[in-house]
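Me: I have a new model on my screen and would like to learn how to read it. Could you walk me through it?

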Amino acid sequence: MDVFGERIKERRKLGGVTQAELAQAVGVSPQVISNWERGYTQPNRDELYLLAKNLDIGSDYLVGLVDFQSRFYESRQLIDLIELLNSDISLKFSDYSLTAQDKLFVSNILTLVVEREKNRIPG
């Protein structure tokens, strides 16, 4: 099984969705979902969009371009900064690549800022 097929199956089962339910949502037959999961065939662009939308996962993750699981949002993609900073993804600021220690430091600062704002008394 290829990465794409594994990830479809993983997300489908995680959501408690059957192949038939996913097929109906995407507009294909259950056999097509089975073929995708086994790596026999691939969806077209429109099917990939509907698949990602219904599985609530970014299409880049599904096709194996990234290993970071971001959620799918129709109007925009939101990424949890703390989750991103704690991931193995390489990050940079301008021309500087952040080390693991840098990422931890930024994560701690963001946590402090958000906690301060949560505790701020309006007015």
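Reply: Gladly! The protein exposes about 8700 Å², and carbon and sulfur atoms supply 53% of it; accessible areas come from the Shrake-Rupley method with a 1.4 Å probe, and for residues only the protein chains shown count as cover. This is a predicted model, where local features need pLDDT of at least 70, side-chain atom pairs count only at pLDDT 80 or more, and totals for chains, interfaces and linings use all residues. Residues are numbered from 1 along each chain as its sequence is written, and side-chain values use heavy atoms, with hydrogens and water left out.

Me: How many helices and strands are there in the protein?

Reply: Helices (H or I, at least four residues) and strands (E, at least two) are DSSP runs, numbered from the N terminus. Here you have 7 helices and 2 strands, in the order α-α-α-α-α-α-β-β-α.

Me: Which residues in the largest nonpolar core touch the most other members?

Reply: A nonpolar core is a set of buried (under 20% relative accessible area) Ala, Val, Leu, Ile, Met, Phe, Trp, Tyr and Cys residues joined through side-chain atoms within 4.5 Å. This one has 15 residues, and Phe4, Ile8, Leu22, Trp36, Leu51, Leu55 and Leu62 touch the most other members. Helix α4 (45–55) is among the elements that give two or more residues, and α4 gives the most, with 4 residues.

Me: Is valine 106 buried, exposed or partly exposed, and where is its place?

Reply: Partly exposed means between 20% and 50% relative accessible area. Valine 106 fits, at 31%, and its place is in helix α7 (residues 100–119).

Definitions and conventions: Buried means under 20% relative accessible area, exposed over 50%, partly exposed in between (1.4 Å probe, protein chains only).
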